[in-house]
Amino acid sequence: MEESGNYVLRIFDEEEEAQAMQSIKNSSRMLQESIATGTAILSKYSQQRERLKVSYPNIHNKENASNGALQLCREAHREDPR
């Protein structure tokens, strides 16, 4: 009888071990997916940052040009007594 009890425990232990191994595989797969997703997100942020770095000087220059044009209009208005 004792031998059959050990056999049952051994089967149970093997099932637990199989479940644990499956859990480890699932966790590993989920971590790999998470790393891939994070890498893709950071790559997109990097691309956006580069686009903004290129675009910002153009926006800044347009704003300065616009402010310069407004300043010229104000000066012209002050000089014109109409």
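This briefing covers the fold, exposure, salt bridges and surface patches of one protein chain. The model is predicted. It has one helix and zero strands. Of its 82 residues, 0% are buried.

**Fold and overall exposure**

- Helix α1 covers residues 2-79.
- No strand accompanies the helix, as the strand count is zero.
- The protein exposes about 7,900 Å².
- Carbon and sulfur atoms supply 58% of that exposed area.
- The buried share of the protein is 0%.

**Salt bridges**

- The whole structure holds two salt bridges.
- One of them joins R29 and E33. Their closest N and O atoms lie 3.4 Å apart.
- Why are R29 and E33 separated by about one helical turn? They are four residues apart in helix α1, so the separation is about one helical turn.
- R29 is partly exposed, at 41% relative accessibility.
- E33 is also partly exposed, with a relative accessible area of 43%.
- R49 and E50 meet through their side chains in a salt bridge. The N to O distance is 3.9 Å, and the cut-off for a salt bridge is 4 Å.
- R49 has a relative accessible area of 53% and is exposed.
- E50 is partly exposed, at 38% relative accessibility.
- R49 counts as exposed because its 53% is over the 50% cut-off. E50, at 38%, falls in the partly exposed class because that class runs between 20% and 50%.

**Negative patch**

- Which residues gather in a patch of negative charge on the surface? They are D13, E14, E15, E16 and E17.
- E17 lies in helix α1.
- Is E17 buried or exposed? E17 is exposed, with a relative accessible area of 52%. That value is over 50%, so E17 meets the cut-off for exposed.

**Nonpolar patch**

- I41, L42 and Y45 form a nonpolar patch on the surface.
- Together these three residues have about 340 Å² of accessible area.
- Y45 sits in helix α1.
- Y45 counts as exposed because its relative accessibility is 54%, over the 50% cut-off.

**In brief**

- The single helix, α1, includes E17 of the negative patch and Y45 of the nonpolar patch.
- Helix α1 also holds R29 and E33, which form a salt bridge.

Definitions and conventions. Residues are numbered from 1 along each chain as its sequence is written. This is a predicted model: local features need pLDDT of at least 70, side-chain atom pairs count only at pLDDT 80 or more; totals for chains, interfaces and linings use all residues. Side-chain values use heavy atoms; hydrogens and water are left out. Patches are made of residues with over 30% relative accessible area and no salt bridge: like charges are joined within 9 Å, nonpolar side chains (Val, Leu, Ile, Met, Phe, Trp, Tyr) within 5 Å. Accessible areas come from the Shrake-Rupley method with a 1.4 Å probe; for residues, only the protein chains shown count as cover. Lys and Arg count as positive and Asp and Glu as negative; His and the chain ends are not counted. The place of a charge is taken as NZ of Lys, CZ of Arg, CG of Asp or CD of Glu. Helices (H or I, at least four residues) and strands (E, at least two) are DSSP runs, numbered from the N terminus. Buried means under 20% relative accessible area, exposed over 50%, partly exposed in between (1.4 Å probe, protein chains only).
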